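Biologist: Got the model open? I'd like to go through it and ask how you back up each label.

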Amino acid sequence: QVQLVESGGGVVQAGGSLRLSCAASGRTFNSYVMGWFRQAPGKEREFVAAISRSGGNTMYADSVKGRFTISRDNTKNSVYLEMNSLKPEDTAVYSCAASKQFFFSTALTNDEDRYDYWGQGTQVTVSS
């Protein structure tokens with residue numbers, strides 16, 4: 001079992017930046033593939049980014065590629081999402097998620113059904 005707590009959300013103007021953090025409990029953080037997802041009002045939850053257990057592989061949704069960067073620090077049991085050049089359409093609740101379903105250190109997934117644990121989320125609002 002792992003508990004995930006996000007932080008770093010807020011209100012920012014279009015073109016601005018935010019850095020989200022997700023802190024995980026437990027001593028096996030490096031055994032989890034980590035992902036960020038978001039859900040805007042009235043919309044389905046969507047994949048944003050994922051990072052492999054080792055941190056060596058990353059994956060991004062086309063809508064954020066080149067603007068967002070996912071990273072992790074296994075010594076601090078944390079995963080981060082650096083968001084630059086924010087747009088109003090990035091407004092959503094951002095949640096981190098952990099998957100224990102992958103053996104290989106380089107594996108990762110954008111399939112939310114493959115994630116086992118979820119945080120409560122943090123609100124990001126981008127004003128125009």
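Modeller: Sure. Keep in mind that this is a predicted model. One place to start is charge: the mean positions of the 13 positive and 12 negative charges of the chain are 6 Å apart.

Biologist: What does the chain consist of, in helices and strands?

Modeller: Zero helices and 11 strands. Read from the N terminus, the order is β-β-β-β-β-β-β-β-β-β-β.

Biologist: How do you know that the chain agrees with a compact globule?

Modeller: Set the value against the rule: with 128 residues, a compact globule would have a radius of gyration near 14 Å, and the chain has 14 Å, so the two agree. As for extent, the C-alpha trace spans about 40 × 25 × 25 Å along its principal axes.

Biologist: And how much of the chain is buried, and what supplies the exposed area?

Modeller: Of the 128 residues, 45% count as buried. The chain exposes about 6,600 Å², and carbon and sulfur atoms supply 45% of that area.

Biologist: What makes up the largest nonpolar core?

Modeller: It has 39 residues, and those with the most contacts inside it include Leu 4, Met 34, Trp 36 and Tyr 94. The elements that give two or more residues to this core are strands S3 (18-24), S4 (33-39), S5 (46-51), S7 (68-73), S8 (78-83), S9 (92-99) and S11 (122-127).

Biologist: Which residues does Met 83 touch, leaving aside its neighbours within four places in sequence?

Modeller: Met 83 is in contact with Gly 16, Ser 17, Leu 18, Leu 20, Arg 67, Phe 68, Tyr 94 and Val 124. Met 83 is also among the residues with the most contacts inside the core. Over the whole chain, of contacts between residues at least 6 apart in sequence, 60% join residues at least 24 apart.

Biologist: Now the loops. Why is Asn 77 called buried?

Modeller: Its relative accessible area is 17%. Buried means under 20%, so Asn 77 qualifies. Asn 77 sits in the loop between S7 and S8, and its phi is near 50°, a positive value in a residue other than glycine.

Biologist: Then why is Ser 85 called partly exposed?

Modeller: Ser 85 has a relative accessible area of 42%. Exposed would need over 50% and buried under 20%, so 42% falls in between and Ser 85 is partly exposed. Ser 85 lies in the loop between S8 and S9. The phi of Ser 85 is near 50°, again positive in a residue other than glycine.

Note on methods. Residues are numbered from 1 along each chain as its sequence is written. This is a predicted model: local features need pLDDT of at least 70, side-chain atom pairs count only at pLDDT 80 or more; totals for chains, interfaces and linings use all residues. Side-chain values use heavy atoms; hydrogens and water are left out. A nonpolar core is a set of buried Ala, Val, Leu, Ile, Met, Phe, Trp, Tyr and Cys residues joined through side-chain atoms within 4.5 Å. Buried means under 20% relative accessible area, exposed over 50%, partly exposed in between (1.4 Å probe, protein chains only). Helices (H or I, at least four residues) and strands (E, at least two) are DSSP runs, numbered from the N terminus. Contact means heavy atoms within 4.5 Å. The radius of gyration is taken over C-alpha atoms; the globule rule is 2.2 Å times the number of residues to the power 0.38. Accessible areas come from the Shrake-Rupley method with a 1.4 Å probe; for residues, only the protein chains shown count as cover. Lys and Arg count as positive and Asp and Glu as negative; His and the chain ends are not counted. The place of a charge is taken as NZ of Lys, CZ of Arg, CG of Asp or CD of Glu.
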